[in-house]
Amino acid sequence: MPSSVMPTSPLSSSPMAVSATGLRKSYGDKTVLDGIDLRIPAGSVFALLGPNGAGKTTTVQILSTLITADGGQARVAGHDVAASPDGVRAAIGVTGQFSAVDGLITGEENMLLMADLHHLSKREGRRVTAELLERFGLTEAAKKPASTYSGGMKRRLDIAMTLVGDPRIIFLDEPTTGLDPRSRHNMWQIIRELVSGGVTVFLTTQYLDEADELADRIAVLNGGRIAAEGTAEELKRLVPGGHVRLRFSDPAAYRNAALALREVTRDDEALALQIPSDGTQRELRSILDWLDSAGIEADELTVHTPDLDDVFFALTGSTDQPKEAVR
Ligand SMILES: Nc1ncnc2c1ncn2[C@@H]1O[C@H](COP(=O)(O)OP(=O)(O)OP(=O)(O)O)[C@@H](O)[C@H]1O
Ligand SMILES: [Mg+2]
């Protein structure tokens, strides 16, 4: 056959691992989810961001069939969450926001318990347990009570337990909250390895750098709705705030520069000026040329490009966070 194949990105041609339309959930008269839509291609990482109480855990609970929605539809791994929750459960793994590890028994026993729940044979259960404990660096601690594990070790055990059934889609509700920087990076590595093995990852996080680092697509949940959805780059383009900041140590030099440069934001206290900029090389060069020709020499020049923090604060309407740009 002659091929006239349209180039398609691997993601756009993938089947959807998760799709949802109009999901709604209320507790009493409190509307938590007010109609949310999701489309997550198989093999990708999706991050759901939102302030405390936004409904992230609620969304995970609905998609993993732990609770039912009041309205809307959702399909996970090709199964309708309401009509065939067993089909969904067989395809997914869930690591909750709060640890499912039983501290009274050892890490190994926690794993074997999961293997039992997944109806693995004794032999298969032992094999999978040994393999996962090894992979998560827990072999040495395997025979110690889980209550003696550090937070990072418990979190790793939690995820290892989630992987016992070899799920194709995993839900990780704040997988790195409370971990130190090294443990967070280790967790990111684990998540990347899962994805390279074809697993779809749905994660919630409070950390914008985590979403930036891991996620193919990010959605920001606020006020019961998806306030914005896209790649990290797309989201960053939604907010202004890129600027070049010039700082002076000499008040006279600062005043002269402030007079010479119009269209700048002054920070008289810090002796700093901010010039709006998109952060591109071209714009930086023209700003530098302009400063040179005006004979302005700042003591420090920093470039601020909008990051996901800016996006988050802009979209979630937090007013108690001072914006870098107006400081
Ligand atoms: N079982 C419940 N009964 C009543 N209200 C609930 C219940 N579960 C959640 N809520 C409420 O629903 C809202 C959303 O909760 P949810 O746990 O989904 O938020 P979250 O985005 O995961 O927050 P966090 O970042 O703190 O984990 C909150 O206001 C919470 O108090
Ligand atoms: Mg939560």
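**Exercise 1. Which atom of ligand 1 is 3.4 Å from an N or O atom in the side chain of Glu174, and how is ligand 1 surrounded?**

Solution, step by step:

1. Start with Glu174: an N or O atom in its side chain is 3.4 Å from an oxygen atom of ligand 1. That fits a polar contact, a pair of N or O atoms within 3.5 Å.
2. Now the cover: on its own, ligand 1 has 640 Å² of accessible area, and the protein covers 63% of that. Such areas come from the Shrake-Rupley method with a 1.4 Å probe.
3. Next, look at the backbone, where polar atoms of Ala54 and Gly55 are 3.1 Å and 2.9 Å from an oxygen atom of ligand 1.
4. Then count the shell: 14 residues surround ligand 1, with Gly53, Lys56, Thr57, Thr58 and Gln206 the closest. A residue belongs there if one of its heavy atoms lies within 4 Å.
5. Finally, sort the shell: it has four nonpolar, seven polar and three charged residues. Here Gly counts as polar. Helix α1 gives the largest share, three residues.

A quick note on the model: it is predicted, so local features need pLDDT of at least 70 and side-chain atom pairs count only at pLDDT 80 or more, while totals for chains, interfaces and linings use all residues. Residues are numbered from 1 along each chain as its sequence is written, chains are lettered from A and ligands numbered from 1 in the order written, and side-chain values use heavy atoms, leaving out hydrogens and water.

**Exercise 2. Is helix α5 largely enclosed or not, and why?**

Solution, step by step:

1. Find α5 at residues 151-162, twelve residues in a DSSP run (helices are H or I, at least four residues; strands are E, at least two).
2. Nine of those twelve are buried, so α5 is largely enclosed by the rest of the structure. Buried means under 20% relative accessible area, exposed over 50%, and partly exposed in between (1.4 Å probe, protein chains only).
3. Among the buried ones are Arg155, Leu157 and Met161.
4. They pack against elements including β6, α3 and α6.

**Exercise 3. Are Glu210 and Lys144 buried or partly exposed?**

Solution, step by step:

1. Glu210, in helix α7, is buried, with a relative accessible area of 0%.
2. Its contacts (heavy atoms within 4.5 Å) include Arg184 and Trp188, leaving aside residues up to four places away in sequence.
3. Lys144 sits in the loop between α4 and α5 and is partly exposed, at 45%.
4. With the same neighbours left aside, Lys144 touches Ile105, Thr106, Gly107 and Tyr149.

Note on methods:
A polar contact is a pair of N or O atoms within 3.5 Å; within protein, one must be able to donate a hydrogen and the other to accept it, and residues adjacent in sequence count only if both atoms are side-chain atoms.
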